[in-house]
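Here is a set of short exercises to work through with the sequence and the structure side by side. Try each task yourself before you read its solution.

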Amino acid sequence: MSMSIEESQTPRQGFPKPVPDTSNNVLEQFKLSGRVAIITGAADGIGLAVAEAYAEAGANVVLWYNSNKAAVTRAEELAKQHNIKAKAYQVEVSQPEKVQAAIKEVVSDFGKVDVFVANAGMAISKPILETTIEEYKRQMEVNLDGVFYCAKYAGEQFKAQGTGNLIITSSISAHIVNVPIDQPVYNASKAAVTHLGKSLAREWREFARVNIVSPGFFDTKMGASEKVITEGLRMTPLGRQGHVKEIKGLFLYLASDASSYQTGSDVVIDGGYILP
Ligand SMILES: NC(=O)c1ccc[n+]([C@@H]2O[C@H](COP(=O)([O-])OP(=O)(O)OC[C@H]3O[C@@H](n4cnc5c(N)ncnc54)[C@H](OP(=O)(O)O)[C@@H]3O)[C@@H](O)[C@H]2O)c1
């Protein structure tokens with residue numbers, strides 16, 4: 001930031017930077033052929049839909065899971081269906097040494113990491129006065145620390161390669177305070193990763209893009225619970241939860257050359273929930 005008009009008019013060395021050498025054809029821009037993408041929380045829900053989207057676009061996909069071993073078969077199926085390379089790895093994202101080792105293993109198996117989707121998350125939806133210290137710590141160590149570890153070690157790889165793309169699954173809970181159930185810890189953890197992502201977009205400006213996706217209610221294990229669904233539908237102008245197939249396009253866009261001028265953005269996809 002310049003502090004005076006004189007300073008603001010002094011051209012900076014190396015600017016403007018060159019436009020990337022990508023296709024003019026928009027459908028070509030969306031192709032991920034030959035790219036390597038890691039997706040956390042990829043056994044089911046939003047993460048699996050993202051892995052499918054990337055495989056359909058030609059990427060080699062790496063499915064990270066924690067407890068749901070279905071990821072192993074899903075990876076085998078994706079490899080067969082789309083003639084790409086796919087593999088599942090068991091990685092507990094709240095353990096930094098596991099995250100660091102797994103990224104090294106992926107680089108050894110796949111040669112590089114073009115896209116990292118930090119999507120794993122969890123919620124213990126309770127008011128603060130009913131939340132134990134352990135419940136607080138667990139949500140923060142998965143939702144915030146886990147994203148930090150993934151970003152740190154993927155970022156090291158991106159810097160070494162000179163290129164990379166980090167996408168963080170945050171939430172509308174980073175924007176609004178959910179009703180009718182109070183869940184301040186989850187909300188705070190998501191607000192934190194949104195701002196972490198924006199901060200990294202600046203920090204990594206020379207070698208990687210970073211964007212955030214903020215979903216509203218999607219029909220997954222973490223979607224609207226029985227206690228929340230009626231109010232959730234009332235609050236959502238489109239009157240329903242999203243289907244995971246409806247989030248594939250956004251994650252593909254952010255991973256691909258179609259979004260080459262986009263970094264530091266926080267894209268809300270919520271059927272209109274946060275409009276009021
Ligand atoms: N669905 C929604 O309405 C909604 C709305 C806003 C934001 N989100 C966010 O979207 C992301 C995906 O959630 P989802 O809706 O697809 O629900 P989901 O199917 O329950 O996915 C959550 C994923 O996180 C993984 N995970 C949880 N703790 C982990 C840990 N310690 N280490 C590694 N992985 C861990 C789980 O892996 P395993 O099953 O293998 O243990 C699971 O695959 C989450 O970050 C969530 O906060 C969801």
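## Exercise 1: Two residues, two settings

Met140 sits in helix H6, which covers residues 133–161. Keep in mind that this is a predicted model.

**Task.** Decide whether Met140 is buried, partly exposed or exposed, and do likewise for Ser94.

**Solution.**
- Step 1. Count the C-beta neighbours of Met140: there are 17 inside 10 Å.
- Step 2. Apply the cut-offs: 20 or more means buried, 12 or fewer means exposed, and anything in between is partly exposed. Met140 is therefore partly exposed.
- Step 3. Turn to Ser94, in the loop between strand S3 (86–90) and helix H5 (96–110). Ser94 has 20 other C-beta atoms within 10 Å, so it is buried.

**Task.** Find which residues Met140 touches and which ones Ser94 touches, leaving out residues up to four places away in sequence.

**Solution.**
- Step 1. Met140 touches Asp145 and Ser189.
- Step 2. Ser94 touches Glu141, Val142, Asp145 and Gly146.
- Step 3. Check the distances. Ser94 and Gly146 are 52 residues apart along the chain, and their C-alpha atoms are separated by 4.6 Å. Met140 and Ala71 are 69 residues apart in sequence, with 24 Å between their C-alpha atoms.

## Exercise 2: The chain as a whole

**Task.** How many helices and strands does the protein chain have, and why can it be called as compact as a globular protein of its length?

**Solution.**
- Step 1. Go through the secondary structure: nine helices and seven strands.
- Step 2. Compare the radius of gyration, 19 Å, with the 19 Å that the globule rule gives for 276 residues; the two are close, so the chain is as compact as a globular protein of that length.
- Step 3. Add the extent: along its principal axes the C-alpha trace spans about 55 × 55 × 40 Å.
- Step 4. Look at burial and contacts. Of the 276 residues, 43% are buried. Among contacts between residues at least 6 apart in sequence, 73% join residues at least 24 apart.

## Exercise 3: The ligand and helix H3

**Task.** Describe the shell around the ligand and find which helix gives the most to it.

**Solution.**
- Step 1. Collect the shell: 28 residues surround the ligand, and the closest are Gly41, Gly45, Asn66, Ala120 and Gly121.
- Step 2. Sort the shell by class, which gives eleven nonpolar, 14 polar and three charged residues.
- Step 3. Look for the main contributor: helix H3 (residues 45–56) gives the most, with three residues.
- Step 4. Examine H3 itself. Its twelve residues reach 17 Å from first C-alpha to last, close to the 16 Å expected at 1.5 Å a residue.
- Step 5. Check its burial. Eleven of the twelve residues in H3 are buried, among them Gly45, Leu48, Glu52 and Tyr54.
- Step 6. See what comes after the helix: H3 is followed by Gly58, which has a positive phi near 100 degrees.

## Exercise 4: Strand S4 and its partners

**Task.** Which way do the side chains of S4 point, and which strands are joined to S4 by bridges?

**Solution.**
- Step 1. Follow strand S4 (residues 115–118): Val115 and Val117 point one way, Phe116 and Ala118 the other way, and all are buried.
- Step 2. Take the S1 pairing. Strand S1 (residues 36–39) runs parallel to S4 and is joined to it by three bridges; Ala37 has Val115 as its bridge partner in S4.
- Step 3. Take the S5 pairing. Four bridges join S4 to strand S5 (residues 164–169), again in parallel, and Val117 stands opposite Ile167 in S5.

## Exercise 5: Backbone details in loops

**Task.** Locate two cis peptide bonds and a residue with positive phi that is not a glycine.

**Solution.**
- Step 1. Phe15 and Pro16 are joined by a cis peptide bond with omega about -5 degrees. Pro16 is in the loop between helix H1 (5–8) and helix H2 (26–29).
- Step 2. The bond from Val179 to Pro180 is also cis, with omega near 0 degrees. Pro180 lies in the loop between S5 and helix H7 (184–203).
- Step 3. Asn83 has a positive phi of about 55 degrees and is found in the loop between helix H4 (70–82) and S3. With 9 C-beta neighbours inside 10 Å, Asn83 counts as exposed.

Notes: Residues numbered from 1 in each chain as written. Predicted model: local features only at pLDDT ≥ 70, side-chain atom pairs only at ≥ 80, totals over all residues. Near = placed C-beta within 6 Å. Helix = DSSP H or I, 4+ residues; strand = E, 2+ residues; numbered from the N terminus. Nonpolar A, V, L, I, M, F, W, Y, C, P; charged D, E, K, R; others polar. Rg over C-alpha atoms; globule rule 2.2 N^0.38 Å. Contact = placed C-beta atoms within 7 Å. Expected span 1.5 Å × (residues − 1). Pairing = 2+ DSSP bridges.
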